[in-house]
Amino acid sequence: MCPLFSPPLFMQRYQFVVDFVQKHEPKKVLDLGCAECSLLRKLKFHGNGVELLVGLDKDSSVMRTRMHSFAPLSSDYLQPRSGPLTIELYQGSVTQPDPSTHCFDLVTCIELIEHLHLEEVERFTEVLFGFMAPSNVIVSTPNADYNPLLPGLVGFRHHDHKFEWSRKEFQLWALRLCDLFGYIVSFTGVGSPADSHTNVGFCSQIAVFNRDPSRQDSALQCRSREEPTVYRLLYSVVYPSLSDNNILQRTLVNEVLCRAELIKRSWLSGEWVAKTAPEPFMQGSSVCVSLLDVWACPRVRSLCGTLRRFTEALMGELRVELTPARQAIIMPADEEEEEEVEEDEDAEAAGTKWTATTATEDWDAEMPHNSNSNLPDFHDA
Ligand code: SAH
């Protein structure tokens, strides 16, 4: 089916969440009804500052389809993130409370509630706003007022929808729960109608809830995160990050060796220009590169902050050989390197060399996998 919106509606919904996350910088985000985890993937990529991303869906088979794409790439180790990030995926129902879901800064429910029976919506509302009680909630659902504008639509937009609410019905539900559980809500949406139909609202209606600070219940104070007792953990990954001292040390040493190598090469080729740092010098067949010259590299400085921490980080590091006065790094002789390069080339020619892939994010790549994209309905109108 040709999408009625550009970008397609599901992308606009994800983008709405991404914009919210970039603006409000929540640290812990839970996506309910995450399906193939497409939104979580966006948030992993664009959600700077998010430290915990959790997905929950009752259908484990749909989650399994792409969950292994969360495995860290070699590039994640070569260029670790500055802050920590853990991703966890659970199988379970949003109508059941689980202690691991307390204290999230943001919970998203994108095109989920219309898949629940009305009596389940009641339970879900209590679980979400009464039990999980996150600081912010984003709920999106089809706007039935818009349906007459969808060409050829008979009944609901998707065969699994149990209901589709008008704006009034959605707002009644939202305002009642705000009153009950102490939230403030604002209404918006994505998928604007043509100018001649501005009275029908957005194709996907969205409610953004914030916990009302004037009604903070002291019983809801956040404790440390509890283990799940009801939901089943399907997948969990902790990304390498510079907040882990081992990773920071490894990244720093990689950066130092790379920088020293560049300095060595420019000096050997006669391109080295005299700087404030001492000039490299030969020791046997090795080139010794001044630590001060390496320290001048902005990335090295940003990784370790002070010159003292920088030198301390190199002491006792097996991959870094220092001169006795600890003022220069001894770089290996060129012959050995050439041998290494040759070995690498041989391996490459034999097709055995492994090449790191880079982490890229591509909206289009999501499309064939999106839970909604292969359905002949109006989910993605
Ligand atoms: N949020 C996703 C998928 C929406 S489709 C997106 O925007 O692309 C609705 C999803 O909700 C499905 O994956 C379905 O399995 C899940 N779902 C339906 N009822 C559920 C329940 N009771 N608990 C958890 N997930 C549920």
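The following dialogue examines a predicted model and the reasons behind several of its structural labels.

Visitor: What makes up the chain in terms of helices and strands, and how many of each are there?
Guide: The chain holds 12 helices and 11 strands. Its 381 residues include 47% that are buried, and its accessible surface comes to about 19,500 Å², with 52% belonging to carbon and sulfur atoms.

Visitor: Among contacts between residues at least 6 apart in sequence, what percentage join residues at least 24 apart?
Guide: The share is 77%.

Visitor: Why is E88 called buried?
Guide: The relative accessibility of E88 is 12%. Buried means under 20%, and E88 at 12% is therefore counted as buried. This residue is found in strand β3, residues 86-91.

Visitor: Which residues are in contact with E88, once neighbours within four places in sequence are left aside?
Guide: E88 is in contact with L52, L53, V54 and G55, and also with R225, L233, Y235 and S236.

Visitor: Why does K42 count as buried?
Guide: K42 has a relative accessibility of 1%. The limit for a buried residue is under 20%, so K42 at 1% receives that label. K42 lies in helix α2, which spans residues 38-46. The C-alpha atoms of K42 and V18 are separated by 7.2 Å, although these residues are 24 apart along the chain.

Visitor: How do you know that the side chains of W267 and E279 form a polar contact?
Guide: The side chains of W267 and E279 are joined at 2.9 Å. A polar contact requires a pair of N or O atoms within 3.5 Å, one able to donate a hydrogen and the other to accept it; the W267 and E279 pair, at 2.9 Å, is therefore counted as such a contact.

Visitor: Where is W267 found, and what does it touch?
Guide: W267 is found in helix α7, residues 245-268. Not counting residues up to four places away in sequence, W267 touches W272, E279, P280, F281, M282 and V287. W267 and V289 are 22 residues apart in sequence, with a C-alpha to C-alpha separation of 9.4 Å.

Visitor: How do you know that strands β10 and β11 pair?
Guide: Four bridges join β10, residues 286-290, to β11. Pairing requires at least two bridges, so the four between β10 and β11 satisfy the criterion. The two strands run antiparallel, and V289 has I329 in β11 as its bridge partner.

Visitor: What makes β9 and β11 the edge strands of their sheet?
Guide: Three strands form an open sheet in the order β9-β10-β11, with antiparallel pairing. Strands β9 (281-283) and β11 (328-331) each pair on one side only. On average, neighbouring strands of this sheet are turned by 35° against each other, direction ignored.

Visitor: Which residues come nearest to the ligand?
Guide: Of the 16 residues around the ligand, Y14, G33, D57, V94 and I110 come nearest.

Visitor: What makes the approach of Y14 to the ligand a polar contact?
Guide: A polar side-chain atom of Y14 lies 2.7 Å from an oxygen atom of the ligand. The cut-off for a pair of N or O atoms is within 3.5 Å, so the Y14 pair at 2.7 Å qualifies. Backbone N or O atoms also approach nitrogen atoms of the ligand: that of K58 lies at 3.2 Å, and that of V94 at 3.0 Å. The protein covers 92% of the 570 Å² of accessible area that the ligand has on its own.

Conventions:
Residues numbered from 1 in each chain as written. Predicted model: local features only at pLDDT ≥ 70, side-chain atom pairs only at ≥ 80, totals over all residues. Heavy atoms only, no water. Buried < 20%, exposed > 50% of the residue type's maximum accessible area, 1.4 Å probe, protein only. Contact = heavy atoms within 4.5 Å. Axes fitted to C-alpha atoms, helices over the stretch in contact; angles between N-to-C directions. Near = heavy atom within 4 Å. Areas by Shrake-Rupley, 256 points an atom, 1.4 Å probe, with all protein chains shown as cover.
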